Protein chains: 4
Amino acid sequence: MKSQRSNSRNEALLRAAAELFASQGFNATSMRDIAKAVGMLPGSIYYHFPSKDDLLLAIYEAGVEQITTTFEAAIDSEDPWQRLQAGTSALIRAVSEESAYTRVIFKVTPDEVPRYRLELITLRDAFEAKFKVLVDDLPLQPWVDKHLLRLMILGAGNHAQLWFSPRGGRSADEIGEQFCRFVKEAAST
Amino acid sequence: MKSQRSNSRNEALLRAAAELFASQGFNATSMRDIAKAVGMLPGSIYYHFPSKDDLLLAIYEAGVEQITTTFEAAIDSEDPWQRLQAGTSALIRAVSEESAYTRVIFKVTPDEVPRYRLELITLRDAFEAKFKVLVDDLPLQPWVDKHLLRLMILGAGNHAQLWFSPRGGRSADEIGEQFCRFVKEAAST
Amino acid sequence: MKSQRSNSRNEALLRAAAELFASQGFNATSMRDIAKAVGMLPGSIYYHFPSKDDLLLAIYEAGVEQITTTFEAAIDSEDPWQRLQAGTSALIRAVSEESAYTRVIFKVTPDEVPRYRLELITLRDAFEAKFKVLVDDLPLQPWVDKHLLRLMILGAGNHAQLWFSPRGGRSADEIGEQFCRFVKEAAST
Amino acid sequence: MKSQRSNSRNEALLRAAAELFASQGFNATSMRDIAKAVGMLPGSIYYHFPSKDDLLLAIYEAGVEQITTTFEAAIDSEDPWQRLQAGTSALIRAVSEESAYTRVIFKVTPDEVPRYRLELITLRDAFEAKFKVLVDDLPLQPWVDKHLLRLMILGAGNHAQLWFSPRGGRSADEIGEQFCRFVKEAAST
DNA sequence: AATGAATGAGATTTCATTCAT
DNA sequence: TATGAATGAAATCTCATTCAT
């Protein structure tokens, strides 16, 4: 986070920007769009955030914090397989429904914002590391490459942003269950 | 395809644009960039293609054709599990190494180009439909939702564009094998 | 009217644009020309007006309002022949000397601006309809086609933009008088 | 006329350009449009005419020649009033129906083509001078300003390009008759 | 805290024209 | 005669950003 001052308008600004970034993408959203959504003029945004890039960075931070909290709360089981499934379902919810903050993380890729590319990657990684623990805790047969397994689940979950629909089709829980079942049935010791 | 004329420079143009779109993204690449890469002035591009959007459309078309060919050639086995694995490996190669044309398909999303959004989606779908056949041919236990399975594999493969490296780490074949092994061991009848 | 914000610079912009459109034509005037005339950069104009076309639309609106006011004030006589003559003279002044706003209406034709073609035609018609009343009020012999008469006068007046000169030659009043005299002497009952 | 070589394609070129200039205007017509209409490529036009401006100049020349011929043929009566009426009707036909060459003269104004502005004005004047003779021959009462009378008729006729329709409404002959009747009834000695 | 006005850099696109072949 | 390819200048417009008030 680079600079921020008040708090009341600040949140409204972030929320509006997140909503727009998540639905239209970063480039397709102009400062004018954001300003209009929150009822101020473009120039006024700069009192709160020094640049458009910083807006995104702040959203990423808030998003990672949020998804981490949600994620931690979800994986409260003792059983590592239950935990994996709960985490996967949480990921699917995060990329689709739920708060715009989390959706932004999966919609806007770090290299759309060269200036903060590394910071954004670091933030993303902070979340993805949670999955590392989940996978490491699994009792798996020796042929499994845990690194690849983690990437497979992350990729599958990430992709859900393109097709998951909260109503109609399966629930996030059902999808998480299905994804993990392949792994469990195949590779559990 | 909207309009195209010669062939020599045309291909050079497409190749250069594809390379840039694949590495920097569509929005971050200007017509100036493309022109410079191919050694002409920005305005000259318009002799060959009527707009930047059409350039992308042509690349998508070439990319889908290419990946389809590669894909078809790869899945030549009799065994459906072999076929799935070969297809998955081909997907991973397509999103990472190989020609820029195919990489563009997975890097540039249809809603970055509203004018051709539907055409691009249709082209993408044309490729993804190939996977439907692969999955449908598998002898699977009844608990498997083939639709979700297809999306899982596509998502996992797609995601490889972010982390796959041709040298260092595992090969595309190894990764495809690993991904499919979960499914086969878990759900083969 | 599509969009407008302040008022001080706004008017200066309209005035400058009107002057240029009236003297050089719409196509021959660039946004750069207008910007230079008013002392800002081309891009800055877009803070005040969303496009060049909208600039013209606003000028047309102001012009029609202005000419209507002038026109109404001119035709204050009781005698219908006096009124016709006053109206004709007012038209001649409008197409030649006087404010640039009104000159634009007769210099720039609606189909130079396809996007607002219909709006411009409607605005023009709003003024030309005033003439209809003038002609309808005349006591004319039955052989007169009032519709054609109106068009004849409008055409003659319109054409004055090409040759009328405020100094040297006859005044607008004299010309209006001469034009109308033909009609009155020939067709008055 | 600046330069011209062959003759077969030349005429097709002029005809196509005239049609486009007359219907869309000079600025709104591109060399590409013209080339397409005649089945060649833009660059090929330059074998026949050195520039777009020269194309217009040639059309103007052809148009003036044509209208002059038509006009002379029309005013074959002995009676000066008959001659005026025939000339006026010919003008109305020229600005509306009939050949595109003549329509261009009344649609495209000289200052749309600064380079040949004077030449175009001269050509126009060459035609308008014909009207001078017509008017000068009329037996008119002393209050008539022949110069203004000529401009009035030219203006009224010119304006017909905006509203005259060959089918529906009155014929060019009827309109010419009506216009001239005012003058004759009012000012004939 | 916010506004109104403007900047300045750059984007895509258009188009008359040129010229080797 | 004509083509294919390209030029180069200019046009309209967008947008993140600045800054005095």
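Colleague: What rotation superposes chain B on chain A?

Modeller: Keep in mind that this is a predicted model. Once chain B is laid over chain A, the RMSD is 0.2 Å and the shift along the axis is 0.0 Å. The two copies are thus related as by a two-fold rotation axis. The rotation itself comes out at 179°.

Colleague: OK, and which residue of chain B comes closest to the rotation axis?

Modeller: Going by C-alpha positions, the closest approach for chain B is 2.0 Å. The surface is shared too, with 100% of the contact residues of chain B recurring in chain A. The residue sitting at that 2.0 Å is Ala186(B).

Colleague: Which residues have the most contacts inside the largest nonpolar core?

Modeller: That core has 136 residues. Leaving out residues up to four places away in sequence, Leu149(B) touches Phe182(A) from the other chain, plus Val135(B), Leu138(B), Leu140(B), Val144(B) and Val183(B). A second, separate core has 135 residues, including Leu56(C) and Phe179(D). For the largest core, the names you want are Leu149(A) and Leu149(B).

Colleague: Now the DNA: what share of the strand E atoms within 4 Å of the protein belongs to sugar or phosphate?

Modeller: Some phosphate partners first: a backbone N or O atom of Leu41(C) lies 3.1 Å from a phosphate oxygen of strand E, and a polar backbone atom of Met31(D) is 2.7 Å from one. The side chain of Ser44(C) puts an N or O atom 2.6 Å from a phosphate oxygen. Bases make up the rest of those strand E atoms, and the sugar or phosphate share is 70%.

Methods:
Residues are numbered from 1 along each chain as its sequence is written. Chains are lettered from A and ligands numbered from 1 in the order in which they are written. This is a predicted model: local features need pLDDT of at least 70, side-chain atom pairs count only at pLDDT 80 or more; totals for chains, interfaces and linings use all residues. Side-chain values use heavy atoms; hydrogens and water are left out. A nonpolar core is a set of buried Ala, Val, Leu, Ile, Met, Phe, Trp, Tyr and Cys residues joined through side-chain atoms within 4.5 Å. Buried means under 20% relative accessible area, exposed over 50%, partly exposed in between (1.4 Å probe, protein chains only). Contact means heavy atoms within 4.5 Å. Copies are superposed by least squares on the C-alpha atoms of residues with pLDDT of at least 70 in both. A residue is near a molecule or strand if one of its heavy atoms lies within 4 Å of it. A polar contact is a pair of N or O atoms within 3.5 Å; within protein, one must be able to donate a hydrogen and the other to accept it, and residues adjacent in sequence count only if both atoms are side-chain atoms.
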